[in-house]
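Subject: Structure handover

Hello,

Here is the structure I said I would pass on. My notes on it follow below.

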Amino acid sequence: MDSGRKFKVVKADSLERVRTGEPENLPERFAHRALGMQASEIRSLFAVASRPEIVSLAGGMPNLSALPMQMMASVTEKLISENGAEALQYGNGQGHPRLREQICDVMALEGIKAHPDDVIITTGSQQALDLISRIFIDPGDVVLVEAPSYVGALGTFKQYEAAVVHINMDQDGLIPQALRDAIKTTKAAGRKIKFLYLIPNYQNPAGVLLPADRRTEILDICRQEGIFIVEDNPYGLLGFDKPSPNAMRASDSENVIYLGTFSKTIAPGLRVGWALVPQSLKDKMVIASESSILCPSNFTQLVISSYLANQPWRDQITSFAKLYKERRDAALSALDKYFPKSATWTKPAGGFYIWITLPPEIDTNALMPKAIAAKVAYVPGTAFYADGFGSWSLRISYCYPTVERITEGIKSLAGVISTEMQARQIN
């Protein structure tokens, strides 16, 4: 021990920390994969976007104003008073058996016939993505994703040192021929493809819906090529006018790993998601989960289980969808009214998001400080690509602000964009 080492007490506000100086050669102590860890663009935006004067069209936070809080308080109080000893104890590493049965009922709404033994409860579906990546990805392995794709998935794949290959989409989602071409090119280069990751329902960030015929074609392609599909479905029950097509997992129980969550249909703070996996993968998924968290929270699982057993949860989902449809309509109306004619955007039939494409001369990263100055926030398109593509695109989310704030924010953003286009002499 270095008895001569100097200690310094640093007072920050009302807290005191003892500092001994930065560790020497810290980068050399990290694992190689840790050196590339970076905060996502969305995370870095939240500090600014959360300021009350900013209209945040950035984050995809569910709007809990439609969730009866007194009802949730009653569910929680009854759980603790009647079953607190179980709720506050360690649980099953695979998840509570009763909730796994109820999840099968939830998935049946999208055509899935499942057995509770094949369901693994996770701490949000984000943990399921981490487990899948840990099981499958070696450094340099290829993961196929949509273009653009969910930023949380891209971050996970990057941390496991995957090579991400984006597959082009159009207004109907992932293009099957583009998938064939990417598989052919990747295999010709001698690279190993581990799985295709996609969000078929009201995709994050583009908001598009993959039609049934494309789902079938993509299933056939991946089955023929020996590539697993990871079907991430947070928004499938939040369609506005009609149900989404059956889940891809409904047609293939052996080649599709299905991810679900209660974050969008009940509450994200409970952090309960799940993976429905082929039997051949279940043991490794459970072992990986147990080594990570021992077991998911019994308390939050039983809150959701009680809610599903005793409350009109389908009616609640309908209420959420109605609320989001009103906000979607307000966003599309404001875009039509205020945005320049050279901009284009998706028209989602459900979910949370609209994808906006501007003239290629506009850099939405460089535009962000001007938008913040105009009191509106969005997410630049590059956040949704692993290779920095998409600089002239952006995502807005209509799920959280009020209708009035959505209109105000889009009007302000349109003004910023129009000013930039005039400065660059873009029509």
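The lining of the largest cavity divides into 7 nonpolar, 5 polar and 1 charged residue. Please keep in mind that this is a predicted model. The cavity has a volume of about 110 Å³. It has 13 lining residues, and those nearest its centre are V106, E110, N233, L237 and W274. Helix α4 (97–108) and strand β10 (256–261) each supply at least two residues of this lining, with β10 giving the most, 3 residues.

A search of the whole structure finds 2 cavities of 30 Å³ or more. The second largest has a volume of about 40 Å³. Its lining consists of V106, F262, T265, I266, Y307, L308, W313 and I317. Two elements give two or more residues to that lining, α10 (298–310) and α11. By class, 7 of the lining residues are nonpolar, 1 is polar and none is charged. V106 appears in the lining of the largest cavity and also in that of the second largest.

Helix α11 covers residues 313–338 and lies across β12, β13 and β16. Its direction is at about 20° to β13. These three strands belong to an open sheet of 4 strands, in the order β12-β13-β16-β15 and with antiparallel pairing. β12 and β15 (379–380) stand at the edges with a single partner strand each, so one side of each has no neighbour in the sheet. For β15, 2 bridges make the join to β16 (residues 393–397), and the two strands run antiparallel. Within that pair, P380 stands opposite L394 of β16.

Two strands of the sheet come up again in the second largest pocket. This pocket has a volume of about 360 Å³. It is lined by 20 residues, and the closest to its centre are A147, P148, M169, W355 and Y385. Strands β6 (163–170), β12 (344–345) and β13 (353–357) each supply at least two residues of the lining. The most come from β6, with 4 residues. The lining has 10 nonpolar, 8 polar and 2 charged residues.

Where does the second largest pocket lie with respect to domain 1 and domain 2? Domain 1 (41–60 + 315–424) and domain 2 (69–310) both give residues to its lining, so the pocket lies between them.

Regards

Definitions and conventions
Residues numbered from 1 in each chain as written. Predicted model: local features only at pLDDT ≥ 70, side-chain atom pairs only at ≥ 80, totals over all residues. Heavy atoms only, no water. 1 Å grid on protein atoms, 1.4 Å probe; cavity = no way out; pocket = protein on both sides within 12 Å on 5 of 7 lines; lining within 4 Å. Points joined across faces, edges and corners; volume = space filled by probe spheres on them. Nonpolar A, V, L, I, M, F, W, Y, C, P; charged D, E, K, R; others polar. Domains from an automatic or database assignment. Pairing = 2+ DSSP bridges. Contact = heavy atoms within 4.5 Å. Axes fitted to C-alpha atoms, helices over the stretch in contact; angles between N-to-C directions.
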